[in-house]
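Reader: I am new to this structure. Please take me through the terms used for it.

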Protein chains: 2
Amino acid sequence: MNGIDSSPIRKAFELARSIEDPINLSIGQPHFPCPANIVEAICKAAKDGKTAYTLTGGIPELKEAMTEKYKSQNQIGYAHPDRMLVTSGISSALFLLFNALVNPDDECLIVSPYFLMYPAMLKFYGAKLLTVDESFQAKDLESFKNKKIKLIIFSNPSNPTGKVLSKDQLRALANLAESTGAYLISDEIYELFDYDQAFYSIGAEYEKTITLTGFSKTYNMTGLRLATILASSEVIKALTTLQQYTVVCAPSITQWAGIEALKTDMTSYIQDYREKRDFVYESLKNHYEIAKSGGAFYFFFRVNGTDEDFVKRAVEKKLILVPGYIFTESHNYIRLSFATEWDTLRRGMLALKELAS
Amino acid sequence: MNGIDSSPIRKAFELARSIEDPINLSIGQPHFPCPANIVEAICKAAKDGKTAYTLTGGIPELKEAMTEKYKSQNQIGYAHPDRMLVTSGISSALFLLFNALVNPDDECLIVSPYFLMYPAMLKFYGAKLLTVDESFQAKDLESFKNKKIKLIIFSNPSNPTGKVLSKDQLRALANLAESTGAYLISDEIYELFDYDQAFYSIGAEYEKTITLTGFSKTYNMTGLRLATILASSEVIKALTTLQQYTVVCAPSITQWAGIEALKTDMTSYIQDYREKRDFVYESLKNHYEIAKSGGAFYFFFRVNGTDEDFVKRAVEKKLILVPGYIFTESHNYIRLSFATEWDTLRRGMLALKELAS
């Protein structure tokens, strides 16, 4: 059994600890703390004795709250507690889905660059990987139409690029799923971080979509392990059985905190990240071949030389980045996270300008 | 994919909700709340911002505390953080172990009666099950010596019987593991509930033992999902990789709470259960063929007629029990839990005396 190649991320983490006053632009989680009302909800749940097992599928109160969220925020009218499973984070959701759906040699289509867990976990189940670049147009999917594709997966907005797929792109993926019989998995863990438009869930128009929603990135509760899967009741039933055999249920207190999280106004946090997104783009656009990120809190851009060389040169300026090759089949990109303080970001832009010259 | 046959437990749960003032002796978790110092530790961890991912294998502070516990309480001198993995509860630990170790058609030996997840999960991985009754003597294991056994698993003290295996029995299992090359898995989630002696971990003398320790039952934190695996560093390394592909890490706040849990003096709780154990035994010994439970919080005893008939007759007296067939290959036993208030227990004994006549 081989590990996921997250070594460059671990290495970045260790570097950041070893350097005095580093400019750390490698972090894949929000820089702000978990909002105080959620922390309070955790305490309240603990004091109210919510420490026992919950139902395998999750507490009904959270499923109801998520149903309301899907209907009002995502225009998914068919959302219903029976079509929902509460899991221990998106990774746990992916594990349940891939374990239940993927057989050895199944072909699976991933939009590239991709969240590094997708290919790592799919390979673990023996899947064969197909990729399509995130800049694809509908006609680019023609070549996949005669294939027997088991599932199509993408994160939208994207980790690592910040790309928000257009409605046309999403529809093209849904059409491909429909014509090939593939499961369409839309990982929307960064949905609130869509800076230029109201985020659009493809599940709103394509009912067979398997929609993943995570709490980790939005509310800085990655360690609390909470996500939900919205899918057909048949898929949910199979996944719930599988969850019985693994973690039994998502952490009880975290589930109660999730209800409070959904009530949290994140507008000011998102506005801060929007300004940081703009600042990074304006700072770098004349120095790098860079596209304006639309969401999440990442830029993914081309550098001179290999990604690993660039990362090394950056470290000499105390700047920590992640090489792009772990997210795509190229050694010429780096991932930058702007989930950090203004001061750090300003220092980072200066260092990157120096590195470009 | 078929579910675990926990339907009688679910049924008991639903019955208890539908009956006014039920005598519920079916519950598989402590009746007391999670101790206040642990609740406080949860709040403190939340307020201290411990909401982010931890290392996959668990926070070093908890591994250190568990190392101390194994050394001082279990006489396991070789305990070390590198030989430990923090998991999302015992079920998650079993999943990791069975997924990593068991291949289809592997023969696995279970001490019977057994925790119902063992056969359910092992069958899920295609294992062939062998059983030996918990009353076995060393010579009864002779017949397994020429078999190719992949693993041996038992809970000690036992759910569902409360049996505490003797040192001779544990040594015989260790000898069988050594001679067949089987992994020996000792599930010690009820270790604190050993009423008549200092609990003995077979890991203290057989270093190849895989020792499972859970926090759920001892501190009533079943919903918080926390357990640890102590094994060779090779096994731990493989399981840690697998954990990366599933839940990523045990819930962060729960891990911090676990450190506080280890400092909690549970003596008065255990003494209360010891008295309840004695009370049940004294009440029933002249009415049923019953052995004195040594640990956990269960009695498992023979009834007239089938278990399911007996459970139905009990319900007419508002008494909720679990039929034994889900824990063993017999339809003549029921499981009684004494994890409840004195008043409920007294009413239960009266009902059981009436049912015996």
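Author: What follows is a short exchange on a predicted model.

Reader: What makes A:Lys47 and B:Glu40 a salt bridge?

Author: The closest N and O atoms of A:Lys47 and B:Glu40 are 4.0 Å apart. The cut-off is a Lys or Arg side-chain nitrogen within 4 Å of an Asp or Glu carboxyl oxygen, so the pair is called a salt bridge. Across the interface of chain B and chain A, the rule finds 1 salt bridge.

Reader: How many residue pairs are in polar contact between chain B and chain A?

Author: The count is 14 residue pairs, with both residues at pLDDT 80 or more.

Reader: Which helix gives the largest share of the side of chain B that touches chain A?

Author: That is H2(B), with 6 residues. By class, this side of chain B has 25 nonpolar, 15 polar and 5 charged residues.

Reader: How many residues does each chain bring to the contact?

Author: Chain B brings 45 residues and chain A brings 46 residues. Between them the two chains bury about 3,800 Å². Carbon and sulfur atoms hold 66% of that area.

Reader: Why is B:Gln243 called buried?

Author: Its relative accessibility is 0%. Buried means under 20%, so B:Gln243 counts as buried.

Reader: Where is B:Gln243, and what is B:Gln243 in contact with?

Author: B:Gln243 lies in helix H8 of chain B. Leaving aside neighbours within four places in sequence, B:Gln243 is in contact with residues including B:Thr56, B:Leu85, B:Leu96 and B:Cys249.

Definitions and conventions: Residues are numbered from 1 along each chain as its sequence is written. Chains are lettered from A and ligands numbered from 1 in the order in which they are written. This is a predicted model: local features need pLDDT of at least 70, side-chain atom pairs count only at pLDDT 80 or more; totals for chains, interfaces and linings use all residues. Side-chain values use heavy atoms; hydrogens and water are left out. Contact means heavy atoms within 4.5 Å. Buried area is the accessible area (1.4 Å probe) that two parts lose on being put together, summed over both. A polar contact is a pair of N or O atoms within 3.5 Å; within protein, one must be able to donate a hydrogen and the other to accept it, and residues adjacent in sequence count only if both atoms are side-chain atoms. Helices (H or I, at least four residues) and strands (E, at least two) are DSSP runs, numbered from the N terminus. Ala, Val, Leu, Ile, Met, Phe, Trp, Tyr, Cys and Pro count as nonpolar, Asp, Glu, Lys and Arg as charged, and the others, Gly among them, as polar. Buried means under 20% relative accessible area, exposed over 50%, partly exposed in between (1.4 Å probe, protein chains only).
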